[in-house]
Amino acid sequence: MSDDRTLTQAVHDLGSALWFGGAVMGIAGVNKSGSDLRDGLDKVRVAGSAWKRFAPVEWAGIGAVLLTGSQLTRSSSQRIALQQGYGTVGALKVGFVLAGAAATAYASYAGARIARAAEEAAGRGETVDVHDATRPSSATPPEVARWQERQRVVQFAIPVLAGGNIVCNAALVQSYRAGATVKGVLGRFLP
């Protein structure tokens, strides 16, 4: 049986890059794109539409990280157990991935709540004024503003968590270097 995990590692890294990059692009680009529009409801609609189109791609990246991450962990379990410190890094990585996936799901939920609250407010004849998709103005209906604030916080957490996954993965990949292997094994057995 081959010990070459190049394809698995590549899919994992590409999924991580997609997730991280997409989250940053969303914060910097998608959410701000509506600020060029005049109508607040249109600002919310544009961002909501873009996020809906990107969601399947983002979840494919997260799915790739979850699937390949479990395969890489399973194939490296003896090394992780043997080398001091790498088990902790592996557990931290799992925490980042699970928290990041949960944050991504919550951000999507918050976005749906923003869209629904904005449409309902417009249906009641209220003015829906926002700076952009996640920043309310002084004239934003309270329900919309509440969900915008929640979404903005969680959306900033997502690249931090996805980035934490990438950093931990880089540390785990280093466990294969000869010097790291010797140091990790000796650290496990020598006080």
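A residue counts as buried when its relative accessible area is under 20%. Keep that cut-off in mind during this tour of a predicted model, and begin by selecting T8, which sits in helix α1, the helix made of residues 6-33. T8 has a relative accessible area of 17%, and it is therefore buried. If you now display what surrounds T8, leaving aside residues up to four places away in sequence, you will find that T8 touches T68, Q71 and L72.

**Second stop: E58**

Next, select E58, which has its place in helix α2, running over residues 40-75. E58 is buried as well, since its relative accessible area is 6%. Show its surroundings, again without residues up to four places away in sequence, and you will see that E58 touches W19, A23, W51 and T104. For a view of how the fold brings parts of the chain together, add S16 to the selection: E58 and S16 are 42 residues apart in sequence, while their C-alpha atoms are 9.7 Å apart in space.

**Third stop: helices α2 and α4**

Two packed helices are described by the angle between their axes and the distance between the axes. With α2 still on display, add helix α4, residues 86-123, and look at how the two are arranged: their axes come within 10 Å of each other and cross at roughly 160 degrees. Angles over 145 degrees count as roughly antiparallel, and α2 and α4 are therefore roughly antiparallel to each other. The crossing of these two helices is left-handed. To colour the contact, select L41, V44, R45, E58, W59, I62, V65 and L66 on the α2 side, and then V97, L98, A101, T104, A105, I114, A115, A118, E119 and A122 on the α4 side. Sorted by character, the residues of this contact are 14 nonpolar, one polar and three charged. E58, the residue of the previous stop, is thus one of those that α2 brings to the contact.

**Fourth stop: an aromatic cluster**

Stay on helix α4 and select Y106 and Y109, which both lie in this helix, three residues apart, or about one turn of the helix. Y106 is partly exposed, with a relative accessible area of 34%, and Y109 is also partly exposed, at 41%. Now add W147, which lies in helix α5 and is 41 residues away from Y106, so that this pair links distant parts of the chain. The ring centres of Y106 and W147 are 6.3 Å apart and the ring planes stand at 40 degrees, so the pair is tilted. W147 itself is buried, at 6% relative accessibility. Taken together, Y106, Y109 and W147 form one aromatic cluster. In the structure as a whole there are four aromatic pairs; one of them is Y106 with Y109, whose ring centres are 6.2 Å apart and whose planes are at 40 degrees, so this pair is tilted too.

**Last stop: V154**

Finally, move along helix α5, which covers residues 142-173, and select V154. Is V154 buried or exposed? Its relative accessible area is 11%, and V154 is therefore buried. Leaving out residues up to four places away in sequence, you will find V154 touching A103, Y106 and A107, and Y106 is also a member of the aromatic cluster. To close, select S108 together with V154: the two are 46 residues apart in sequence and 9.8 Å apart in space, from C-alpha to C-alpha.

Technical notes. Residues are numbered from 1 along each chain as its sequence is written. This is a predicted model: local features need pLDDT of at least 70, side-chain atom pairs count only at pLDDT 80 or more; totals for chains, interfaces and linings use all residues. Side-chain values use heavy atoms; hydrogens and water are left out. Helices (H or I, at least four residues) and strands (E, at least two) are DSSP runs, numbered from the N terminus. Buried means under 20% relative accessible area, exposed over 50%, partly exposed in between (1.4 Å probe, protein chains only). Contact means heavy atoms within 4.5 Å. Axes are lines fitted to C-alpha atoms, for helices over the stretch in contact, and angles run from 0 to 180 degrees between N-to-C directions. Angles under 35 degrees count as roughly parallel, over 145 as roughly antiparallel, 65 to 115 as roughly perpendicular and the rest as oblique. A crossing is left-handed if the near helix is turned anticlockwise from the far one by less than a right angle, and right-handed if clockwise. Ala, Val, Leu, Ile, Met, Phe, Trp, Tyr, Cys and Pro count as nonpolar, Asp, Glu, Lys and Arg as charged, and the others, Gly among them, as polar. Rings of Phe, Tyr and Trp (its six-membered ring) pair if their centres lie within 6.5 Å; planes under 30 degrees apart count as stacked, over 60 as edge-to-face and the rest as tilted.
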